[in-house]
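Reader: I'd like to see how the labels on a model like this get assigned. Can we go through a few of them?

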Amino acid sequence: MEHEDIEYRRQVVGTYKPDVERLIRYLPWLEEKAAAGGGVSEMFGDNGIREHSITFPVYDGTLMSFIKEVQQTSLIDRNYPYIYSRYRIRTLQDELKAISRADIREMNVLKGILSKYVLGGMTKGRMWTEAVTNRIFLDVVRRMKEIIEFWDKPIG
C-alpha cells in the first residue's frame with residue numbers, strides 16, 4: 001500500500017511539475033496585482049471613440065501572457081463544472097477554502113478552479129480581472145508550487 005502511495009505522488013509530481021514551473025514566473029506579478037487590488041484591464045473607448053462604437057476591455061500584457069501560458073499546459077480541465085459539483089464549491093469563499101486545503105490528492109480541484117477562470121474569461125472578460133483581484137490565480141499557482149515542493153524539491 002505504501003509503495004502505491006509513493007508511486008502515486010511521484011506520478012502527480014511528474015505530471016504537474018513542468019506546467020507549474022512555467023507558471024511560477026508570474027507569481028511576483030500576481031502578488032503585486034493582488035496587493036494593488038487588481039488593475040489588469042482598462043476600457044478601450046475613451047478619447048471620443050465611445051459615441052461611435054462599443055467599449056471593450058484591454059488587458060494587461062502580462063495577464064494575457066499568463067492566460068496563454070496556462071492554455072498551453074495540461075492544467076486546463078474543460079470538465080471543471082464536475083469538480084465544482086463534486087466538491088460542493090459554490091462561492092468565492094468555497095474556492096479560496098478549497099485552494100488553501102488542497103493537498104497532492106486534490107490537484108484536480110486546483111486545476112478545476114484555474115480552468116473555470118481561464119476558460120470563463122474567454123467569454124466573460126471580467127472573470128480574469130476577478131481571478132487576479134480575488135487572488136485565485138495567485139493562490140492556485142502558489143498552492144500547486146507548495147505541494148510539488150513538499151513532495152519533491154524546490155522549483156524555480
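Author: What follows is a run of labels, each set against its cut-off. Keep in mind that this is a predicted model.

Reader: Fine. What makes up the chain overall?

Author: The protein chain has eight helices and two strands. Read along the sequence, they come in the pattern α-α-β-β-α-α-α-α-α-α. Of its 156 residues, 42% count as buried, the cut-off for that being under 20% relative accessible area.

Reader: Which share of the contacts with a separation of 6 or more comes from residues 24 or more positions apart?

Author: Those residues account for 69% of such contacts in the protein chain.

Reader: On to helix pairs. Why are α2 and α8 called oblique to each other?

Author: The axes of α2 (residues 27-35) and α8 (residues 136-151) cross at roughly 140 degrees and come within 9 Å. Roughly antiparallel would need an angle over 145, and roughly perpendicular runs from 65 to 115. The angle of roughly 140 degrees fits neither range, so α2 and α8 are oblique. The crossing is left-handed.

Reader: Which residues make that contact?

Author: From α2 they are Leu27, Leu30, Glu31 and Ala34, and from α8 they are Phe137, Leu138, Val141, Arg142 and Lys145. By class, that gives six nonpolar, no polar and three charged residues.

Reader: What makes α5 oblique to α6?

Author: The reasoning runs along similar lines. The axes of α5 (residues 92-101) and α6 (residues 107-120) come within 9 Å and cross at roughly 140 degrees. With the antiparallel label kept for angles over 145, α5 is therefore oblique to α6. Here too α5 passes α6 in a left-handed crossing. Leu92, Glu95, Ala98 and Ile99 of α5 meet Val109, Leu110, Ile113, Lys116 and Tyr117 of α6. This contact has seven nonpolar, no polar and two charged residues.

Reader: Back to α2. How do you know that its buried residues line one face of the helix?

Author: The buried residues are Leu27, Trp29, Leu30, Lys33 and Ala34. Seen down the axis of α2, they fall within an arc of 160 degrees, so they line one face. An α-helix has 3.6 residues a turn, so residues three or four places apart point the same way. On the other side of α2, Pro28 and Ala35 are exposed, a label that takes over 50% relative accessible area.

Reader: What do the buried residues of α2 pack against?

Author: They pack against α1 (2-23), α3, α7 (126-133) and α8. Just after α2 comes glycine 37, with a positive phi near 80 degrees.

Reader: And why can α7 be said to have its buried residues on one face?

Author: In α7, Met127, Trp128, Ala131 and Val132 are buried. Their directions fall within an arc of 135 degrees down the axis, so they line one face of α7. After α7 comes arginine 135, whose phi is also positive, near 70 degrees.

Reader: One last label. Why does threonine 62 count as partly exposed?

Author: Threonine 62 is at 28% relative accessibility. Buried would need under 20%, and exposed over 50%. The value of 28% lies in between, so threonine 62 counts as partly exposed.

Reader: Where does threonine 62 sit, and which residues does it touch beyond its neighbours within four places in sequence?

Author: Threonine 62 belongs to α3 (residues 61-71). Outside those neighbours, threonine 62 is in contact with Tyr26 and Trp29. Threonine 62 and tyrosine 26 are 36 residues apart in sequence, with their C-alpha atoms 8.1 Å apart.

Notes. Residues are numbered from 1 along each chain as its sequence is written. This is a predicted model: local features need pLDDT of at least 70, side-chain atom pairs count only at pLDDT 80 or more; totals for chains, interfaces and linings use all residues. Side-chain values use heavy atoms; hydrogens and water are left out. Axes are lines fitted to C-alpha atoms, for helices over the stretch in contact, and angles run from 0 to 180 degrees between N-to-C directions. Angles under 35 degrees count as roughly parallel, over 145 as roughly antiparallel, 65 to 115 as roughly perpendicular and the rest as oblique. A crossing is left-handed if the near helix is turned anticlockwise from the far one by less than a right angle, and right-handed if clockwise. Contact means heavy atoms within 4.5 Å. Ala, Val, Leu, Ile, Met, Phe, Trp, Tyr, Cys and Pro count as nonpolar, Asp, Glu, Lys and Arg as charged, and the others, Gly among them, as polar. Buried means under 20% relative accessible area, exposed over 50%, partly exposed in between (1.4 Å probe, protein chains only). The arc is that of the directions from the helix axis to the C-beta atoms.
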